[in-house]
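Colleague: I'm new to reading protein models, and I'd like a close look at just one part of this one. Could you walk me through it slowly?

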Amino acid sequence: MTLVSPATRAWQAERGRLIGIAYRMLGDYGHAEDIVSEVAIEALQRERAERPDQDESRGDGPSAAGRVRSWPAWMTTVCVRRSIDRVRALAAMREDYIGPWLPEPVATSRLPEDAVADRELLSLALLHMAEQLAPEARAAIVLHRAFGMSAVEIAPILEKSPAAVRQLVSRGERRLRLADDPSVTRAADPAALGALLAAVEHGDISGVLALLSDDAILWNDGGGKVSAARNPIFGADRVRRFLVGVLQKATADPALPFSVQRLEVNGEPAIAFLRSGRTDVLALEFGADGLIHGLRQVCNPDKLAYVH
C-alpha cells in the first residue's frame, strides 16, 4: 500500500482554496491552475529536504527551523507569493495586449467548491476592477474579503506589519468601491436577465437599451483574435449604437445561426452569444438603481475554454 505523505494530503485538501486565491489574484484560470501545481511540486521538494530530527517547536510562522509546522499555512504563503510574482509578469505582457484586457470567465460549475464557497471578489466586474490594485494590495484584499483572514494572519505572508496590511485593505476597498457601495456591482436579477435574453433572441434590442444607465461603459475583449472594439465605449448612446451594430451583423445572414443562452460564470448569471461556431460571454454589472453600469464582453477565443 502506498502511503500518502503529509504534504500531498494537505495539498489535496487545500487545492480548491488555493485555486480560489490564485484565480482571484490573476483573473486567469489556466495560470491559477499552474500556480497551484507549482505549489504541490515545491511542497514535495520541501518535504523531502526536511530532516526528521529537526525541532518543530522553534521559530515563528508556518515553518520552524526549516521544518513546516502547518502545510495549509505554508501552501497559502507560497501560493500568494507565486501569484504576486505572476501578476507582475503578466502586467508587463498585458501592456502589449490588443484592446481592453478582461478576466477569463469560468463556469461556476467548473470551479472547485472551496473556490466559490464565498463568492466575494469572484465576479468578472470586481476581478477587472482589481487590476488597478498593486499586487500586494490585491493579495491583501483577496485574503481578507474572500477568505476571512485577519491582518495579523496576512502580515507574515506579505512580510508586512499588521498595520500596513490594514492600510492596504482599507485603500483597496476604497479603490474597488467596496467600502462605500457594495451594491454597485450587483449581479443581474434572474427575472430581468430572462427578459433580456428573450428580447435579444427575438431581435428586440429596446429591452436591453432601456436598462442602460447614462454612464454605462462597455469593454470588448477580442485580444486581436477576433473583431472587437479596441477601446472602452463610454456612454449609453455609444453603447447602444455598438450593440445594435453587433446584433444586426450577427443576424444578417439567416444561414449562420445566432442564439443566446444564460450561463453561470464566476458565481453570477451571464449571457452567451452563439454565432458562427463561436461563443461570446457578456457579463452585466448592475448598480443600486437597477440599471446596467458596466458591460464586459469576452470574445477572445483563448479565454473561453472554461465557460462550459
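How many of the eight residues of S6 are buried?

Modeller: Six of the eight residues of S6 are buried, so S6 is largely enclosed by the rest of the structure. Here "buried" means under 20% relative accessible area, "exposed" means over 50%, and "partly exposed" is what lies in between (1.4 Å probe, protein chains only).

A bit of housekeeping before we go on. This is a predicted model, with residues numbered from 1 along each chain as its sequence is written, and side-chain values use heavy atoms, leaving out hydrogens and water. Local features need pLDDT of at least 70 and side-chain atom pairs count only at pLDDT 80 or more, while totals for chains, interfaces and linings use all residues.

Now, where does S6 sit? The chain has 11 helices and eight strands. Helices (H or I, at least four residues) and strands (E, at least two) are DSSP runs, numbered from the N terminus. S6 belongs to an open sheet of six strands with mixed pairing, and the order across the sheet is S4-S3-S8-S7-S6-S5. At the edges are strand S4 (233-234) and strand S5 (258-265), each pairing on one side only. Two strands count as paired if DSSP finds at least two bridges between them. As background, strands of a sheet pair through backbone hydrogen bonds, either parallel or antiparallel.

Let's take one neighbour of S6 at a time. With S5, the pairing is antiparallel and covers eight bridges. One spot to find on screen is Val 260, whose bridge partner in S6 is Phe 273. S5 and S6 make a hairpin with two residues between the strands, and Asn 266 there takes a positive phi near 55 degrees.

On the other side, strand S6 (residues 268-275) runs antiparallel to strand S7 (residues 278-286), and five bridges join them. Try following two of the residue pairs: Ile 271 has Leu 282 in S7 as its bridge partner, and Leu 274 has Thr 279. This too is a hairpin with two residues between the strands, and Ser 276 in the turn has a positive phi of about 50 degrees.

Next, walk towards the S4 edge of the sheet. S3 and S8 pair in the parallel sense over six bridges, and Leu 212 finds its bridge partner in Ile 292 of S8. S3 also pairs with S4, this time antiparallel, over two bridges. Look for Ile 217 there, standing opposite Phe 234 in S4. Like S6, S3 is mostly covered: eight of its 10 residues are buried.

What lies across these strands? Helix H11 (residues 236-250) does: it lies across strand S3 (212-221), S4, S5, S6 and strand S8 (292-298), running at about 50 degrees to S3. For that angle, axes are lines fitted to C-alpha atoms, for helices over the stretch in contact, and angles run from 0 to 180 degrees between N-to-C directions. "Contact" means heavy atoms within 4.5 Å.

Let's zoom out to the chain around S6. Buried residues make up 49% of its 308 residues. Among the contacts with a separation of 6 or more, 65% are between residues 24 or more positions apart. The chain exposes about 14,600 Å², with carbon and sulfur atoms supplying 52% of it; these areas come from the Shrake-Rupley method with a 1.4 Å probe, and for residues only the protein chains shown count as cover. Two cysteines are tucked away as well: Cys 79 counts as buried at 0% relative accessibility, and Cys 299 is buried at 2%. As for disulfides (pairs of cysteine sulfur atoms within 2.5 Å), a search of the whole structure finds zero.

Last thing: how far should you trust the picture? pLDDT is the predictor's confidence in each residue, from 0 to 100. The chain averages a pLDDT of 86, and 86% of the residues score at least 70. Over residues 54-61, though, the pLDDT is below 50, and this stretch has 15 contacts in the model beyond near neighbours in sequence. Where pLDDT is low, the predicted coordinates should not be read in detail.
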